[in-house]
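I went through this model with three topics in mind: metal, cysteines and one helix. My entries follow in that order.

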Amino acid sequence: MIRVLTGATLIDGTGAAPVPDAAVVIDGDRIAAAGPRLAMAWPADAEILDVRGRTIIPGLIDAHDHLASHGYALATRWGLDEPASTAHMRTARVLAETLAMGYTTVRDGGGLDAGFKVAVEQGLIPGPRLVLGIQIVSPTGGIGDRVSPSGHACCAVYDPLLPESVANGPDEVRDVVRTMVRAGADVIKTATTGGASSRPGHGPLDAAFSLPEMQALVTESHALGRRVMCHALGGPGLRTALEAGVDSIEHGCYLDAEPMLMAKMAAQGTFFVPTLTVYVYHRESASPHVRTRAVALYSHHVASVQRALELGVPIAAGTDAGGHGHPKNALELKYLVEAGLTPMQALRSATQWAAQCLGLERDLGTIEQGRFADLVVVNGSPLTDVTLLLDPARVELVLKSGAVCVDRRKTLAS
Ligand SMILES: [Zn+2]
């Protein structure tokens, strides 16, 4: 079936100037053509969606989320405070709500099992297309090592869909990478430093994994066709990650202190996924050590984003949502603009650049012939005000693979 969106202003995600009075022709699940309406043709029996006065943008992509995480409290993280089925229903609702805000693709950095991807693909639940990390690979004491402040190891029943992810030494690291791939990982998520919310003693500048361990991890992941997304905030762990050749640096708060490493990222095309959203949240954390870390790093984080822009380090938008609930993912675009991106750059960081970060740029991220028809119709221009993407009433129409998933136009008219 041919379906045509007509009359809207088209922002295609490539950075090209907006095209007024455009048409996007969809053939099945792919885009057949996009451009000025008067220059296009389609069969007489095509279904026309008249979206005059609106703006069409590519389906949005969050390059770093944790869709199955619902809080930082230990009992929540370990799955002790409600039945697993209840938590799964909660996750299903998050998937639906995320899609309804125009996020047609999400890369999950750990905690979401492959069954959710099957459920979305089979149409059991609405949700974005998913790129899964399954679990965070780290050494003993790293952020993938589930230990309580009292020193107890996680007492929850082992879930075969989320296998153990602690590995020490190159051989174990290779084994765990293979285990993650067996469990359905599309990407390997690892961590070479602590973070703002990690345990006292393993902070943003504290390292995890040796260079040989990381080299084994990257080599094995690439051999299995998986990219490596690496949580690394700063210090020697950040250097190890980049020396080993990871594909993206997640968070990267103290990159500004490493001009040589940033030049290396620009030269290698290593992506930077700042996830500013989670650090804004951590500034208000109830835990004093988390608050202190988040406050200390923020000016560095913004400087890192600015330096990345100057050097041409590619940036992808990610929220690291999950532990802090599920705020609207487009919050990251607002913070990226505040950090110095133009609204067009912020939009590309959540479309074309994010698709490149995921290695899916041939299928996703722009409105061009041959891409999946993942499209969002909004009321207003995100180039004037990127925060309109936070307002459900402005996100009127969401298409994924050519199918209309959300249509708020009727509700709004009545
Ligand atoms: Zn994360």
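Entry, metal site. I looked up the zinc ion first; its protein donors are His64 (NE2), His66 (NE2) and Asp320 (OD), at 2.0 to 2.5 Å from the ion. I keep in mind that the model is predicted. Along the chain, the donors show the spacing H-x1-H-x253-D. I then placed His66 and Asp320 and found that this pair links distant parts of the chain, 254 residues apart. His66 sits in the loop between β7 (60–65) and α1 (74–77), and Asp320 in the loop between α9 (288–311) and α10 (331–338). I checked accessibility for His66 and Asp320, and both are buried.

Entry, cysteines. I searched the whole structure for disulfides and got zero. For Cys154, the nearest cysteine sulfur belongs to Cys155 and is 5.6 Å away, whereas a disulfide needs the two sulfur atoms within 2.5 Å. For Cys357, the nearest cysteine sulfur is that of Cys230, 12 Å away, and Cys357 is in no disulfide either. I also noted that Cys357 is buried, with a relative accessible area of 2%.

Entry, helix α5. I took residues 211–223, which make up the 13 residues of α5. From first C-alpha to last, α5 reaches 18 Å, close to the 18 Å expected at 1.5 Å a residue. Which residues of α5 are buried? I listed Glu213, Met214, Ala216, Leu217, Val218, Glu220 and Ser221. The elements covering these buried residues include β10 (136–137), α4 (169–182), β11 (187–191), β12 (227–232) and α6 (236–244). After α5 comes Gly225, with a positive phi near 75°.

Methods
Residues are numbered from 1 along each chain as its sequence is written. This is a predicted model: local features need pLDDT of at least 70, side-chain atom pairs count only at pLDDT 80 or more; totals for chains, interfaces and linings use all residues. Side-chain values use heavy atoms; hydrogens and water are left out. Donors are N, O and S atoms within 2.8 Å of the metal (3.2 Å for Na, K and Ca); water is not among the atoms, so sites may look incomplete. Helices (H or I, at least four residues) and strands (E, at least two) are DSSP runs, numbered from the N terminus. Buried means under 20% relative accessible area, exposed over 50%, partly exposed in between (1.4 Å probe, protein chains only). The expected span of a helix is 1.5 Å times one less than its number of residues. Contact means heavy atoms within 4.5 Å.
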